[in-house]
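Subject: Structure handover

Dear colleague,

Here is the structure I said I would pass on. My notes on what was found in it follow below.

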Amino acid sequence: MSNNIRILVVEDDENLANNIASFLSDFSEVDIENDGLSGKFAATEDVYDLIILDIMLPEMNGYDVLKNIRNDKINTPVLILTAKAEIDDKIHGFNLGADDYLTKPFHREELQARVKALLKRSGILADDSILKIKNLEVNLNNHEIDAAGEQIALNGKEYDLLVYLLQNKNTILTKDQIFERIWGFDSDTSITVVEVYMSNLRKKLRPSKNDNLIKTIRNVGYIFQDDTEN
């Protein structure tokens, strides 16, 4: 179960990377890259909620990967996971824009706890796995959607879209951001699918009077916003 959370693991030890992906898969979708250049490309070309980054990587070291993505104005939280345990290494990582630093070997429970803490800090993962706005609630554990006491049935992409909007409520999302997050930048589908799904989602939210939460920003994208909160 991914809950629409996406994590990128950049780690050249394939067994370790696969193990990390396995024990994070209960609450996230995990992509793996095994060298620095591929990791930098993935981080800049796709949309992730968190990046787990090794330092000693082939092609490009983790420090340079981090420096490059921060220079590209990508503010995705980065957790450095490395055998380099000296205080100077940690300081260098934080100075380049890392959000956390965990040294190998590590306990899987600590890594998972740190990952969840970063996701909660950025508002992606709710403490109780409930996303809420007005009288609309989405339970990320069982995918149930409750609106004023009534259950709403959404298909897979509609559910993913609603979760993404809720995770970024009160934030303007461009059509490109939505398309890349829900369908993927390499999808064969046209970006016009965003408008189609947004229209379908509005229709399904209309009976509970939540359709007006989705506001169109002309020539830009959409914002999921409750005006009564302002």
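**Salt bridges**

In total, 14 salt bridges are found in the structure. Please bear in mind that this is a predicted model. One of the salt bridges joins the side chains of Arg6 and Glu29, with an N to O distance of 3.8 Å. The two partners are 23 residues apart and link distant parts of the chain: Arg6 belongs to strand β1 (residues 6–10), and Glu29 to strand β2 (residues 29–33). A second example, Asp49 with Arg181, has its closest N and O atoms 2.7 Å apart.

**Domains and their interface**

The chain splits into domain 1, covering 6–122, and domain 2, covering 130–224. Their C-alpha centres are 28 Å apart. Five residues of domain 1 and four residues of domain 2 make up the contact.

How much area is buried between domain 1 and domain 2? The value is about 510 Å², and carbon and sulfur atoms contribute 49% of it.

One salt bridge is found across the interface of domain 1 and domain 2. By the domain bounds, Asp49 falls in domain 1 and Arg181 in domain 2, and these two residues form a salt bridge. The interface also has one residue pair in polar contact, counting pairs with both residues at pLDDT 80 or more. On the side of domain 1 that touches domain 2, four residues are charged, one is nonpolar and none is polar.

**Strands β6 to β8**

Domain 2 begins at residue 130, and strand β6 covers residues 130–133. Strand β6 pairs with strand β7 (residues 136–139) in the antiparallel sense, over four bridges. Within this pairing, Leu131 is opposite Val138 of β7. The hairpin of β6 and β7 has two residues between the strands, and Lys134 there has a positive phi near 55 degrees.

Strand β7 also pairs with strand β8 (residues 145–147), again in the antiparallel sense, over three bridges. Here Leu136 is opposite Ala147 of β8. Which residue in the turn between β7 and β8 has a positive phi? It is His143, at about 65 degrees, in a hairpin with five residues between the two strands.

For a look at the model, the places to start are the Asp49 and Arg181 salt bridge, the β6 and β7 hairpin with Lys134, and the β7 and β8 hairpin with His143.

Regards

Definitions and conventions. Residues numbered from 1 in each chain as written. Predicted model: local features only at pLDDT ≥ 70, side-chain atom pairs only at ≥ 80, totals over all residues. Heavy atoms only, no water. Domains from an automatic or database assignment. Contact = heavy atoms within 4.5 Å. Buried area = accessible area lost by both parts, 1.4 Å probe. Salt bridge = Lys/Arg side-chain N within 4 Å of Asp/Glu carboxyl O. Polar contact = N/O pair within 3.5 Å; in protein donor to acceptor, adjacent residues only side chain to side chain. Nonpolar A, V, L, I, M, F, W, Y, C, P; charged D, E, K, R; others polar. Pairing = 2+ DSSP bridges.
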